Every structure is written in structure tokens, then in C-alpha cells.
Amino acid sequence: MVANTILTFLPNVVTTVISFGGAFIIVVQNDPWMALIALMGAPISFLTSRYSARKMRDFQRENQNVASDRTVFDQETFQNMQFIKAFGMVERVTEKFHKIQDESVRIALDQNKFQQTMTIATSLVGQAVGYACYGFAAFRLWQRQISYGTMTMFVSMAGSLRGSFSGILGLLPMVIRSGISAERIMEITSLPRDSMEDKEEAEEIRRESRRKGVFVEMEDVDFAYEEEKWVYRDARFQARPGEIVALIGPSGQGKTTTLNLLLGLYHPQRGQVRVGNPGGRMLRASSSTRCLFSYIPQGNTLFTGTIADNMRMVKPEATDEEIRSALEAACAWEFVERLEKGMDTEVRERGNRFSEGQKQRLSIARALLADAPVMILDEATSALDVATERRVLRRIIRREPHRTVIVAAHRPSVFSMCSRIYKVQEGHMAEVTEEEVEEFLQAF
Ligand SMILES: Nc1ncnc2c1ncn2[C@@H]1O[C@H](COP(=O)(O)OP(=O)(O)OP(=O)(O)O)[C@@H](O)[C@H]1O
Ligand SMILES: [Mg+2]
């Protein structure tokens, strides 16, 4: 849009201004009255074009709103299809669908009607002015003030005058539209970029991690998403290579937040979040250090494609053998093996074809394939039975003894495997003793 306007605007302005100026000079020199009559429709055209530009902008906005409502409706409905059926909500959802559809039909009809009315009105004004010019010229011919040739010239020049005037008006909406588009592009390009300045050091830490592993720590951290609304203050946290460290705490108190801080997705208002090799380099957590982590977020993160496609998202060059070994480590191979097409089985939309626990195991296998020194699991084993959960965690550590594993969890089954447990609650994060864990488990 912007490029098009820049490319066509100047030539268009030059040609329309020249043709308007030329026609104007010729007509005024011959007969100023004639010029006046030819431009009689100008104020009306000017006002109507302003009015219709404003109306069209409103229509544009309404159309965008309905389109986004529709996208959200489609996504939510298809994702929650089973829920909708189970609660007998099909009729209500259908009703909502009709409402959205009616709304978009109404806007389309209104817009069409408006455009047609405007076209008819402007062409009527144009015709009226055209006939007025013609009549005036004929009158002058009748009075023998001009020749037949001059009259023909008048009529055609008057037409060209009107045409180029509307041409100039027509250029304005194009400029307005491309101005809006340019503004949007600028909004996107001015978004802050992830800083990658520590990239090389982070790569170095990753290479070194093969021998030493990677530790992660938080020191005196204060963090709030919004000013003064502290998730916690003075938080301390540490996870060393070969350890499984758990984060526990009631819902909504800051477990996922802590993981986000470790991943460098947010930065603390005070204190340090550091990542490094024990006894070696150390860096502030940022987008550069993210290459040291593999992360399994809360919720489902499978994509359409086969199981192997999903695995290769994190490591495109992975061989079937490597994929199989990762699936085995995540206790996923046991059900993948039994599928008719094995790892070439289609996952389908959002992994619909698998159970929750199976999806979690596939996500874990994918994270293992990424082969990062620190693995973060945000309730990623919550749908597994206790025995499988323990097996998965044990295999993760056995596969790579230097790996640092951080889990956000609710269940006691995990805790006995952990080197340390931190509790996040009521604005604090602190290491807890076994007795405190017991207490916590009884309370929740
Ligand atoms: N992007 C965000 N912007 C503002 N507030 C947020 C944001 N993400 C989380 N919060 C708030 O921060 C607090 C901690 O959220 P967090 O997701 O860390 O909880 P959690 O301990 O992981 O809970 P759960 O066990 O339910 O997953 C919550 O009160 C939440 O509303
Ligand atoms: Mg969470």
C-alpha cells in the first residue's frame, strides 16, 4: 500500500494538476463564466468526498472488528468442540455464529448501499453540471458570440476540468490510507528487539556444558509485571548441574513467572538472574542465554504434522534413531511403537489424537531432542501417573547426568526425587525443608 502510493502518487499529482491547470487556463481565457459553471459542482464534490472518506473508514473499522470476532469464534469453537457438545451448547454456539454472520452481512449491505448511493449522487451532479455547461455553450452559440468549434472545445474542456478536479480529490483517500498503513509498519518496526550481544559467550557456555553442565541462580530478585504489584521480593533460587529442583506453591503465586525470569523473557526490577558454567563463565539471563534451555510450557504445544515433524522442529537434522532415543527417554516410545505408522503418525490439530499424558510425553521428548543443558518443565508431567512421572524424570537425568532440571509441580511424588524445593507464596520465594513440604501438602 505504502510503496504503491509513493510510486503512483507523484506522477498522478503531476498529470492531474497539469490537465486541470491547462483546461482551467484555456477556459478562463475564453470565457470566465464558463469556468465558473464547469466548477459549480466542485464544492459539492469536495464535501461528499470528505463525507464518504469518513464513512468508508468507519466501514473499514467495522469490517475489521467483525473479521476478528469471527476468527476468535472459529478458533475457540473448534478448539473446544468436545466441551461444547458435552455441555449441550451447540444451539447457543450456532446462534452466536448466526449473529456474527448476520452482522457481517449487514455491514456488507450497508456499505454497498452507501457506495451505490454515492455513485448515483455524484454522477447526477456531474450530469447536471455537464448539461449546464452544454446549455450555456449552446446559448452563447445561439447569440452568435462563439462559433460551433469553440462550443465543442468548451464542452470538452469543461469535462476535463471536472474530471481532473475529481481526480485530485480521489488522490486524498489514497494518501490517508497509506498514511495509516505506514503508521502501523512503524509501530511494528519500533518494537524493542531482543538483545543478542552475549550470543557468543552463551554459545561458549553451551559447548562447555558438555563437561560441566550449567547452573542457574537468582539473587535478591524483586519482580512485578505491573508497577508496585510485586509477585515476590528478595527471591533467591539456585539449580546446579545434575539436580532436579522443584518449584511449588499455590496456583497464581509465581511459579511460571520464575521460569519466565530464568528464561530471560522478563527482567527483574532488582537483583540478578544468572546462568553459567560452574567455576567458569556467567551471564545475565537474556534472549542470548535462551539457547541453554529447553522449555516445556504449561499446556499443549504440539503442531499439525507427524510425530517426527514435531520432534524435528527443534532439531531439523535429527535422525530417526535420535528421535527414537528421545521418545524412549520420555517414555513415549512405548505407545508410539504401537501406532501403525510409528513416528510418522499424524498428530492432527493440537495433538487431538493423543491423551493428555501422551501429549506431555511427546513434548518432553521434543525438549530432550533439543539437548539443552537446562531443562524446564512447567507442570509438564501433571497428566502422567505417578510411576510414569518418576520414570520420565529419572531417565531425563540418566540420559545426561550434567543436565539441570527445574520443575514446577504440585505433586509430592516428584519431591522425593528433588535436590531442593522452593516454595513461591504470598510474595516470597524460599527453600523449604521436608517438614514444610509435608505441611504444604496437607494445607493444599
Ligand atoms: N503477563 C502477565 N502480566 C501481568 N500479570 C501476570 C502475567 N503473567 C502472570 N501474571 C500474574 O502473576 C501472578 C503469578 O502468575 P504465575 O503464572 O507465575 O502463577 P503460577 O504459580 O505459575 O500459577 P499456576 O500454578 O496456576 O500455573 C498471577 O497473579 C498472575 O495473574
Ligand atoms: Mg504456572
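This is a short tour of a predicted model, with selections to make in your viewer and notes on what each one shows.

Residues are numbered from 1 along each chain as its sequence is written, chains are lettered from A and ligands numbered from 1 in the order in which they are written, and side-chain values use heavy atoms, with hydrogens and water left out. Because the model is predicted, local features need pLDDT of at least 70 and side-chain atom pairs count only at pLDDT 80 or more, while totals for chains, interfaces and linings use all residues.

**Stop 1: the ligand**

Select ligand 1 and show the residues around it, taking as near any residue with a heavy atom within 4 Å of it. There are 14 of them, and S251, G252, K255, T256 and T257 come nearest. By class, the shell holds three nonpolar, eight polar and three charged residues. Here Ala, Val, Leu, Ile, Met, Phe, Trp, Tyr, Cys and Pro count as nonpolar, Asp, Glu, Lys and Arg as charged, and the others, Gly among them, as polar.

Now look for polar contacts, meaning pairs of N or O atoms within 3.5 Å; within protein, one atom must be able to donate a hydrogen and the other to accept it, and residues adjacent in sequence count only if both atoms are side-chain atoms. A polar side-chain atom of T256 sits 2.7 Å from an oxygen atom of ligand 1. In the side chain of Q298, an N or O atom is 2.8 Å from an oxygen atom of the ligand. G254 takes part through its backbone, with a polar atom 2.9 Å from a ligand oxygen. Taken alone, ligand 1 exposes 640 Å², and the protein buries 62% of that; accessible areas come from the Shrake-Rupley method with a 1.4 Å probe, and for residues only the protein chains shown count as cover.

**Stop 2: helix α8**

Stay close by and select residues 255–262, which form helix α8. Helices (H or I, at least four residues) and strands (E, at least two) are DSSP runs, numbered from the N terminus. Is this helix enclosed or open? Seven of its eight residues are buried, so α8 is largely enclosed by the rest of the structure. Buried means under 20% relative accessible area, exposed over 50%, and partly exposed in between (1.4 Å probe, protein chains only). The buried residues of α8 are K255, T257, T258, L259, N260, L261 and L262. Just after the helix, G264 takes a positive phi of about 70°.

**Stop 3: the nonpolar cores**

A nonpolar core is a set of buried Ala, Val, Leu, Ile, Met, Phe, Trp, Tyr and Cys residues joined through side-chain atoms within 4.5 Å. The largest one has 46 residues, and I307, L327, L362 and I364 touch the most other members. Its largest share, six residues, comes from α12. Apart from this core lies another, of 32 residues, including V214, F223, V275 and V424.

Select I307 and display its contacts (heavy atoms within 4.5 Å). Not counting residues up to four places away in sequence, I307 touches V336, L339, G342, M343, T345, V347, F354 and L362.

**Stop 4: R361 and R391**

Next, pick R361 in helix α12 (residues 356–370). Its relative accessibility is 12%, so R361 counts as buried. Beyond four places in sequence, its contacts are A330, C331, A332, E334, F335, L384 and T388. Then go to R391 in helix α13 (residues 386–399). R391 is partly exposed at 29% relative accessibility, and outside its neighbours within four places it is in contact with C331 and E334.

**Stop 5: I244**

I244 lies in strand β3 (residues 244–248) and is buried, at 5% relative accessibility. Among its contacts more than four places away in sequence are L393, I397, V405 and M417. Try a C-alpha distance to M375: the two are 131 residues apart in sequence and 9.4 Å apart in space.

**Stop 6: D31**

Which loop holds D31? Look between α1 (2–30) and α2 (32–38). D31 is buried, at 4% relative accessibility. Its side chain reaches the backbone nitrogen of W33 at 3.0 Å, and a polar contact of 2.7 Å joins it to the side chain of R140.

**Stop 7: two positive phi angles**

Finish with R144 and D234. R144 has a positive phi of about 60° although it is not a glycine; it lies in the loop between α5 (90–142) and α6 (148–189) and is exposed, at 75% relative accessibility. D234, also not a glycine, has a positive phi of about 55°. D234 belongs to strand β2 (residues 230–239) and is partly exposed, with a relative accessible area of 47%.
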